[in-house]
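Open the model in a viewer and keep the sequence panel beside it. The stops below each give a selection to make and then say what is found there.

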Amino acid sequence: MATANLTRYAAPSIATLGLLIVGDRRYNYCACADKGRHSTGSAEISLANEPGLLFIGTGSSTGCPRPTCALFFNAGSPSVSRGFNRARFSQEYISEMQKFCRVSTMATRGDPRVNKDYRGNPSLMIVHKNNDDGTIESDKEENLKTVVIDVGKTFTENSLRWMPQHGLTTIDAVVLTHEHMDAIAGLDDLRGFQMHPVKDPVTGYPRQRPLSVFLSQGCVDMLKTQFFYLFPKAKSEQDSSAGETILPNGTKVKRHVSKLDFRVVENFTPFVAAGLRMIPLPVMHGEDLVCNGYAFSLDGNQKSSKMNVVYVSIQGSLVNNMSLFETHLWCLLLMLFKLSDISRMPAQTEKFILEKLPPTDILVIDALNLNDFNPTHNNLEQSMKIIRKLKPKRTFVVGMSCDLFLPHDEMNQELAELDIQVELAHDGLVVAMK
């Protein structure tokens, strides 16, 4: 069972965590998925009329509960002690598993909407009213758009859990960080978000509006192998479209799949996703894979209000050329889901963040476990070093392996004793502009 000894991270002065950042009235930070949940003493925050960020998922690639633990101890019941399993596992083995599976077991209890230990794959929904390409002619108040970063294995489940809480019914664009399954496995599920009651007279399927998916060239090349049916056939196979196979006799076999408009983005070159200007930030996801992080700025209800964000999914080190960030970043939001070695952050990247950017409001950083070394993931001890260097006002930890930490609330109680504001994030967390 995970235990926490956080004294090594503490400085002499201690401050408790608050949900509102002292001295900063631009943002309101609320863990408010449904009424009465995680009470903050303030009114429930909804993204139905406000721009902001919705954490669709905050767990590791496996999510939480861990399947083995859930099968062994669903809602605390030791199912392995019954039936044919009785002879397969010793009581000593079951007892050790029960200790290890504490958080996973808690994650199986009750409604996931009120269970902060239940976590899906990392995914962020950006709710915005930007008109960065000048295409929206009517009142921006009536034109909230949604952009989703990453659609992994648990995306459909989690989006159906959290989007209705805020009256969100559509996805206007998707942005991918890399081609691993915890970021792309939900691509075909996007067809379920595209269906309309009017049938296409040609295909007989529900009419679909193409959904733009922004990604790197390396990512799209890999997707053509992994999700070949989401791409039209070669131009030589006339009039072919996604989901369509042409038989040798010329007959076309059509399958209903997501209708996606893949758009390749270039490093540090701005693009606009559903009205939101974003900048791709190349980062290393291990030594063999370059991922994209993204910088963007949300417009608030007041013309002068902005929330500037950087989302970086990292496993390895940041690419050195960061000069294009200089005019965009006010709030630094780093999704470091897979950071292999915190000491590998290049010195000029760290220097740029500390010297070129305004003070950081929010840092969201990966930690797989408390302090055990992992070759492809950050632990909390490593993350704390980054947090203290970057000095954000508030930090959310994501990407936790569920049974390698204390339960969510217990862990946050310990983190609240530190002199810096650090806490575990959870699915359904909202960061809304006030």
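Buried means under 20% relative accessible area, exposed means over 50%, and partly exposed is in between, taken with a 1.4 Å probe and protein chains only. At 1% relative accessibility, C219 therefore counts as buried. This is a predicted model, in which local features need pLDDT of at least 70 and side-chain atom pairs count only at pLDDT 80 or more, while totals for chains, interfaces and linings use all residues. Residues are numbered from 1 along each chain as its sequence is written, and side-chain values use heavy atoms, with hydrogens and water left out.

**Whole chain**

Show the cartoon first. The chain has nine helices and 17 strands; helices (H or I, at least four residues) and strands (E, at least two) are DSSP runs, numbered from the N terminus. Of the 434 residues in the chain, 54% are buried. Switch to a surface: about 19,400 Å² is exposed, and carbon and sulfur atoms supply 52% of it. Those areas come from the Shrake-Rupley method with a 1.4 Å probe; for residues, only the protein chains shown count as cover. A contact means heavy atoms within 4.5 Å. Among contacts in the chain with a separation of 6 or more, 72% are between residues 24 or more positions apart.

**The disulfide**

Select C69 and C101. A disulfide, meaning a pair of cysteine sulfur atoms within 2.5 Å, joins C69 to C101 with an S to S distance of 2.1 Å. The pair links distant parts of the chain, 32 residues apart: C69 is in helix 1 (residues 67-72), and C101 is in the loop between helix 2 (91-100) and helix 3 (102-107). Both C69 and C101 are buried. The torsion about their S-S bond is about -65 degrees, so the disulfide is left-handed. A search of the whole structure finds one disulfide.

Next, select C64 and P65. A cis peptide bond joins C64 and P65, with omega about 20 degrees. P65 is in the loop between strand 2 and helix 1. C64 counts as buried, at 3% relative accessibility.

**Strand 2 and its partners**

Select strand 2 (52-57). Six of its six residues are buried. Two strands pair if DSSP finds at least two bridges between them. Strand 2 runs antiparallel to strand 3, and five bridges join the two; L54 has M125 as its bridge partner in strand 3. Strand 2 also pairs with strand 17 in the antiparallel sense, over three bridges, and there G52 has A432 as its bridge partner.

**The largest core**

Select M125, I171, L176, L187, L190, L223 and F262. In the largest nonpolar core, of 34 residues, these seven touch the most other members. A nonpolar core is a set of buried Ala, Val, Leu, Ile, Met, Phe, Trp, Tyr and Cys residues joined through side-chain atoms within 4.5 Å. Elements that give two or more residues to the largest core include strand 2 (52-57), strand 3 (123-128), helix 6 (217-226) and strand 17 (430-433). Apart from it lies another core, of 26 residues, among them I149, F271, A425 and V431.

Centre on L187. Leaving out residues up to four places away in sequence, L187 touches V151, L176, L223, F227, L230, S258 and L260.

**M181, D150 and A274**

Select M181, in helix 5. M181 counts as partly exposed, at 37% relative accessibility. M181 and D150 are 31 residues apart in sequence and 9.7 Å apart in space, C-alpha to C-alpha. D150 is in the loop between strand 4 (145-149) and helix 4. Phi of D150 is near 75 degrees, a positive value in a residue other than glycine. D150 is buried, with a relative accessible area of 2%.

Go on to A274, in the loop between strand 10 (271-273) and strand 11 (276-284). A274 is not a glycine, yet has a positive phi of about 50 degrees. With a relative accessible area of 23%, A274 is partly exposed.

**The parallel sheet**

The last selection is an open sheet of three strands in the order 14-15-16, with parallel pairing. Strand 14 (362-366) and strand 16 (422-424) stand at the edges, each with a single partner strand, so one side of each is left without a neighbour in the sheet. Strand 15 (residues 394-398) pairs with strand 16 over three bridges, and T395 stands opposite V422 in strand 16.
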